Amino acid sequence: MAELDIGKHCEIKSCHQKDFLPFVCDACAGVFCLEHRSRDAHSCPEVPVQREIPVTGESTLHQCTFEDCKGKELLPVICPHCQKHFCLAHRHQDDHKCEKLEIAKPRMAATQELVQKIVESKKNAPVSRGRKGAKNSATAAKVALMKLKLHASGDKGLPQTERTYFQVFLPKESKDSSLPMFFCSKWSVGKVVDFAASQAGLKNNNNVLTAKKLRLCHPETGQALKMDACLQSLLSLQDSPLHNGGNVILEYLDNDSTGLEDVSAYIPPS
């Protein structure tokens, strides 16, 4: 019986091994053994030219144009106002000191002017009663809220719909008598106290058992509000002790104290 001639020899001269299942290179069409089947192993002459060119990718990076920032981004981050490129850290107008940011200033100035006109128009207005008195009180409350919004400090990450504004009257020994602040309506009174203390730089020992505690008090009766009460719940009560744009008092109280004895020492009579 004639001997079957199966397989082919590897085309590498130093190898020339016969392989029963040879490999055919899809680039140069050469026949190779298992050891020399890869393009690199048999020094394939048909290797695409682009593989020999190092790819750095630097040309696709977008340099941040803010002062001395060396940040780069794979995709362009363009300010829609000044049309300049920035990195993610400087993409907002405030962060890159956008030259177009001053466009919003006249609007704020117009708001301040409007508030001032309303305040001046109410100075010499006669005191009225009944429905007119209620209407004037509502107007005064709106004006107070607008003034608070212009100067209040707080967590700027809070949505506008969740912000509640107060003029916070501080403990007697504080350097400031009061500060305008805003809080999240979903916070508990305890969290409001902690945040207000942080904003005003007050010592807060509410976690120390024997120390005096910072408490938030009713602006008219001086009663200390419950620490676990939700701010939103207090605001929604029919005879609510608090309202958006109103006053609150922050003071150190003894553990057995239920409130302040004299609120006039904090809030002057209107």
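**Entry 1: β9, β10 and β7**

I began with R215 and looked up its bridge partner in β10, which is E251. This is a predicted model, and I read every entry below with that in mind. Stepping back from that one residue, I found that β9 and β10 pair in the antiparallel sense, over five bridges. I then checked how well β10 is covered, and noted that seven of its eight residues are buried.

On β7 I wanted to know which strands it is joined to. β7 runs parallel to β10, with four bridges joining the two, while seven bridges join β7 to β8 in an antiparallel arrangement. For the parallel pair I wrote down two partners in β10: F166 is bridged to G246, and V168 is bridged to V248. For the antiparallel pair I noted that R163 has C184 as its bridge partner in β8.

Is β7 enclosed or open to the outside? Seven of the seven residues of β7 are buried, so I recorded the strand as largely enclosed by the rest of the structure. In a regular strand the side chains alternate between the two faces of the sheet. I therefore looked at the two sides of β7 separately. On one side I listed R163, Y165, Q167 and F169, on the other T164, F166 and V168, and all of these are buried, which leaves both faces covered.

**Entry 2: the nonpolar cores**

I next looked up the largest nonpolar core, which holds 29 residues, and asked which of them touch the most other members. They are V168, F183, L216 and L250. The elements that give two or more residues to this core are the helices α2 (130-151), α3 (189-200) and α4 (231-236), together with the strands β7 (163-169), β8 (178-184), β9 (213-217) and β10 (246-253). Of these, α3 gives the most, with five residues.

I picked L216 for a closer look and listed its contacts, leaving aside its neighbours within four places in sequence. L216 is in contact with V189, V192 and V193, with Q223, A224 and L225, and with V248, I249 and L250. There is also a second, separate core of nine residues, and F169, A224, L253 and I267 are among its members.

**Entry 3: P171**

I then turned to the loop between β7 and β8, where P171 lies. With a relative accessible area of 1%, P171 is buried. Which residues does P171 touch, not counting those up to four places away in sequence? I found L202, L214, L250, E251 and Y252; E251 is the residue I had already met as the partner of R215. I also noted that the C-alpha atoms of P171 and Y266 are separated by 8.2 Å, although the two residues stand 95 residues apart along the chain.

**Entry 4: salt bridges**

Side chains of opposite charge can pair when their charged atoms come close. I counted five salt bridges in the model, and followed up some of them.

In the pair of D26 and R39, the closest N and O atoms are 3.1 Å apart. D26 sits in the loop between β3 and β4 (31-32) and R39 in the loop between β4 and β5 (62-63), so I noted a link between distant parts of the chain, 13 residues apart. D26 counts as exposed, at 67% relative accessibility, whereas R39 is partly exposed, with a relative accessible area of 26%.

K186 and E162 form another salt bridge, with 3.3 Å between the closest N and O atoms. Because K186 lies in the loop between β8 and α3 and E162 in the loop between α2 and β7, the pair ties together parts that are 24 residues apart in sequence. I recorded K186 as exposed, at 54% relative accessibility, and E162 as buried, at 19%.

For D254 and K212 the closest N and O atoms are 3.9 Å apart. D254 is in the segment after β10 and K212 in the loop between α3 and β9, so this salt bridge ties together parts 42 residues apart in sequence. D254 is partly exposed, with a relative accessible area of 40%, and K212 also counts as partly exposed, at 48%.

**Entry 5: a surface patch**

Last, I looked at the surface and found a nonpolar patch of about 360 Å², made by I6, F20 and L21. F20 has its place in the loop between β2 (18-19) and β3 (23-24), and at 58% relative accessibility F20 counts as exposed.

Conventions
Residues are numbered from 1 along each chain as its sequence is written. This is a predicted model: local features need pLDDT of at least 70, side-chain atom pairs count only at pLDDT 80 or more; totals for chains, interfaces and linings use all residues. Side-chain values use heavy atoms; hydrogens and water are left out. Patches are made of residues with over 30% relative accessible area and no salt bridge: like charges are joined within 9 Å, nonpolar side chains (Val, Leu, Ile, Met, Phe, Trp, Tyr) within 5 Å. Accessible areas come from the Shrake-Rupley method with a 1.4 Å probe; for residues, only the protein chains shown count as cover. A salt bridge is a side-chain nitrogen of Lys or Arg within 4 Å of a carboxyl oxygen of Asp or Glu. Buried means under 20% relative accessible area, exposed over 50%, partly exposed in between (1.4 Å probe, protein chains only). A nonpolar core is a set of buried Ala, Val, Leu, Ile, Met, Phe, Trp, Tyr and Cys residues joined through side-chain atoms within 4.5 Å. Contact means heavy atoms within 4.5 Å. Two strands pair if DSSP finds at least two bridges between them.
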